[in-house]
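Here are a few exercises to work through with the model open in your viewer. Try each task before you read the solution.

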Amino acid sequence: NQQGEIGFLRDRRRANVLLTRARRGLLVFGDAKTLSNDEEVWGPWLHWVRDQGAYIDSDSTDIRHCLLEGRQKVSGNWDEFREVAV
């Protein structure tokens, strides 16, 4: 959005529910610039996702393959991130 606001998912409890309830996988679509502006949850989460090599830019030619074929790229420990940010 034009204000760069995340909205109700800015609340760490709501973000925690979103990020921890996935059973088989999780796709998060959002504006990286907006997410990075949130210093409590989404900024650190996006940094963690990038460190895991799981960030895919919408301009990437690889995005179609990732969405159609699936990708199990994140090998990091979710608990490491949760201890830091959520």
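## Warm-up: a loop residue

Val28 sits in the loop between α1 and α2 (32-37); helices here are DSSP runs of H or I with at least four residues, strands are E runs of at least two, and both are numbered from the N terminus. A word on ground rules: this is a predicted model, where local features need pLDDT of at least 70, side-chain atom pairs count only at pLDDT 80 or more, and totals for chains, interfaces and linings use all residues. Residues are numbered from 1 along each chain as its sequence is written, and side-chain values use heavy atoms, with hydrogens and water left out.

**Exercise 1.** Work out which residues make a nonpolar surface patch with Val28.

*Step 1.* Check the exposure class. Val28 has a relative accessible area of 33%, so it counts as partly exposed; buried means under 20%, exposed over 50%, and partly exposed is in between (1.4 Å probe, protein chains only).

*Step 2.* Apply the patch rule: members have over 30% relative accessible area and no salt bridge, with nonpolar side chains (Val, Leu, Ile, Met, Phe, Trp, Tyr) joined within 5 Å and like charges within 9 Å.

*Step 3.* Read off the partners. Leu18 and Leu26 join Val28 in a patch of about 200 Å², with areas from the Shrake-Rupley method, a 1.4 Å probe and only the protein chains shown as cover for residues.

**Exercise 2.** Find the largest nonpolar core and say which helix gives the largest share.

*Step 1.* Set the criterion: buried Ala, Val, Leu, Ile, Met, Phe, Trp, Tyr and Cys residues, joined through side-chain atoms within 4.5 Å.

*Step 2.* List the set. The largest core has 10 residues: Ala15, Leu19, Ala32, Leu35, Val41, Trp42, Trp45, Leu46, Trp48 and Val49.

*Step 3.* Sort by element. Helices α1, α2 and α3 (42-51) each give two or more residues, and α3 gives the largest share, five.

*Step 4.* Look along α3: Trp42, Gly43, Trp45, Leu46, Trp48 and Val49 are buried there. The general geometry is handy here: an α-helix has 3.6 residues a turn, so residues three or four places apart point the same way.

**Exercise 3.** Track down the salt bridge of Arg12 and say what the pair ties together.

*Step 1.* Recall the rule: a side-chain nitrogen of Lys or Arg lies within 4 Å of a carboxyl oxygen of Asp or Glu. The count comes to four salt bridges.

*Step 2.* Find the partner. Arg12 pairs with Glu40 at 3.6 Å, N to O.

*Step 3.* Place both ends. Arg12 is in helix α1 and Glu40 in the loop between α2 and α3, so the bridge ties together parts 28 residues apart in sequence.

*Step 4.* Compare exposure: Arg12 is partly exposed at 34%, while Glu40 is exposed at 51%.

*Step 5.* Pick up the rest. Glu5, Arg10 and Asp38 form one network through shared partners, with Glu5 and Arg10 at 3.1 Å between their closest N and O atoms. Asp11 bridges to Arg13 at 2.7 Å.

**Exercise 4.** Decide which elements have the highest and lowest mean pLDDT.

*Step 1.* Start from the whole protein: pLDDT is the predictor's confidence in each residue, from 0 to 100; the mean is 76, and 66% of residues reach 70 or more.

*Step 2.* Go through the elements. Helix α3 comes out highest at 91, and α5 (residues 78-85) lowest at 52.
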